Amino acid sequence: FSHRGFYLGPMFRRAADRHGAVFVTLDRPLDTHPGLGVDLTYSALADIVEELSGRLWEAGVRPSEQVVVHKADNVDIVLLTCAVSRIGAVPVLLSPALAGEVVGELIERLRRPWLVTDRTKLDGPLKGVGLAVRDTLAVEDLEKYAGAERPPAVRPHPREPALITHGSGTTGLPRLAVHCANTMWNRLVPQKALGWPTRGETAALHMSFVHPRFYDLLGVLLHFGSPLVLITNPDPAAVGPLL
């Protein structure tokens, strides 16, 4: 089974081809596409992923390059991750909760990655922090590449690095963990078996969008065509009406 792989790049498009009209409800608009509102579908998210991959490609991102995604908490972290993966680059997911100095130190461990962030981070926690990056792309600035041609999807070897996440940091500076498409597939398969009894039921998720387990669960839910409610704000006053 070493040739099998769970690839994040085409995940939404494959789900859309099977269950395109299934709804996805957000609790706040995407920072990358605020005009689309909060009532979306699998097909809409697949289009956004492909459109974002076109923007990133036009900005200069290429296969095998590392791309740090570190921005304000929102569902577009997931879509940017999939867009980076779709063009064969390696998404590096750094929690929005990390201190700027920690982000700078983790970036030092990488190979001069790209940084996808936002003005809130750049003018706040990251201000004055030395960032050893190839270039910085704020999501607000990616808008200038809107409408760029969408490149073909790239499928790296299943044993090549496909995703980098980090630990909790409870014992010091968080450790980076490298995942390949094959190891992610090996985690996904048993999760699909466990998720089979609830296939197609609406799933409300409030999880870290930078945790590898989130993508395992998302892969299961998209496979079975479950409607999704994706929550960033855990305040009961906000969540209650949404549910």
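**Cores, helix packing and selected residues in a predicted model**

F6 is located in the segment that precedes α1 (11-19), where helices (H or I, at least four residues) and strands (E, at least two) are DSSP runs numbered from the N terminus. The structure is a predicted model, in which local features need pLDDT of at least 70 and side-chain atom pairs count only at pLDDT 80 or more, while totals for chains, interfaces and linings use all residues. Residues are numbered from 1 along each chain as its sequence is written, and side-chain values use heavy atoms, with hydrogens and water left out.

With a relative accessibility of 7%, F6 counts as buried, a term that stands for under 20% relative accessible area, whereas exposed stands for over 50% and partly exposed for values in between (1.4 Å probe, protein chains only). When residues up to four places away in sequence are not counted, F6 touches M11, A181, M184, W185, L188, Y215, D216 and G219, contact being defined as heavy atoms within 4.5 Å. One of these partners, G219, is 213 residues from F6 in sequence, yet the two are 8.5 Å apart in space, C-alpha to C-alpha.

M184 is also a partner of L163, which touches L8, T81, V90, P91, L93, A177, V178, H179 and M184 when residues up to four places away in sequence are set aside. The C-alpha atoms of L163 and M184 are separated by 9.2 Å, with their positions 21 residues apart along the chain. L163 belongs to strand β7 (residues 161-166) and is buried, with a relative accessible area of 0%.

Nonpolar side chains were next considered as groups. In soluble globular proteins, nonpolar side chains tend to be buried together. A nonpolar core is taken here as a set of buried Ala, Val, Leu, Ile, Met, Phe, Trp, Tyr and Cys residues joined through side-chain atoms within 4.5 Å. The largest such core holds 57 residues, of which F12, L56 and L228 touch the most other members. Helix α2 (residues 42-59) supplies the largest share of this core, namely 8 residues. Another core, of 15 residues, lies apart from it and includes V103, L106, L110 and I164.

Leaving aside neighbours within four places in sequence, L228 is in contact with F23, V24, T25, Y42, A203, L218, L221 and L222. T25, one of these partners, is found in strand β1 (residues 23-26) and is buried, with a relative accessible area of 17%. Beyond residues up to four places away in sequence, T25 touches V38, D39, L228, V229, L230 and L242.

Two helix pairs involving α3 were examined, with axes taken as lines fitted to C-alpha atoms, for helices over the stretch in contact, and with angles running from 0 to 180 degrees between N-to-C directions. The axes of α2 and helix α3 (residues 76-86) come within 8 Å and cross at roughly 60°. The two helices are therefore oblique to each other, given that angles under 35 degrees count as roughly parallel, over 145 as roughly antiparallel, 65 to 115 as roughly perpendicular and the rest as oblique. On the α2 side the contact is made by L45, I48, V49, E50, L52, S53 and L56, and on the α3 side by L79, L80, C82, A83, V84 and R86. These residues divide into 10 nonpolar, 1 polar and 2 charged, where Ala, Val, Leu, Ile, Met, Phe, Trp, Tyr, Cys and Pro count as nonpolar, Asp, Glu, Lys and Arg as charged, and the others, Gly among them, as polar.

α3 also packs with helix α8 (residues 212-224), at an angle of about 85° and with the axes 12 Å apart, an arrangement that makes α3 roughly perpendicular to α8. I77, V78 and T81 of α3 meet F214, Y215 and L218 of α8 in this contact, whose residues divide into 5 nonpolar, 1 polar and no charged.

Several residues in loops complete the description. H211 lies in the loop between β9 (203-205) and α8 and is partly exposed, with a relative accessible area of 40%. The C-alpha atoms of H211 and T165 are separated by 6.8 Å, although the residues are 46 apart along the chain. S64, in the loop between α2 and β3 (66-69), has a positive phi of about 75° although it is not a glycine, and S64 counts as partly exposed at 45% relative accessibility. R112, in the loop between α4 (100-108) and β5 (114-117), is likewise not a glycine but has a positive phi of about 40°; R112 is exposed, with a relative accessible area of 51%.
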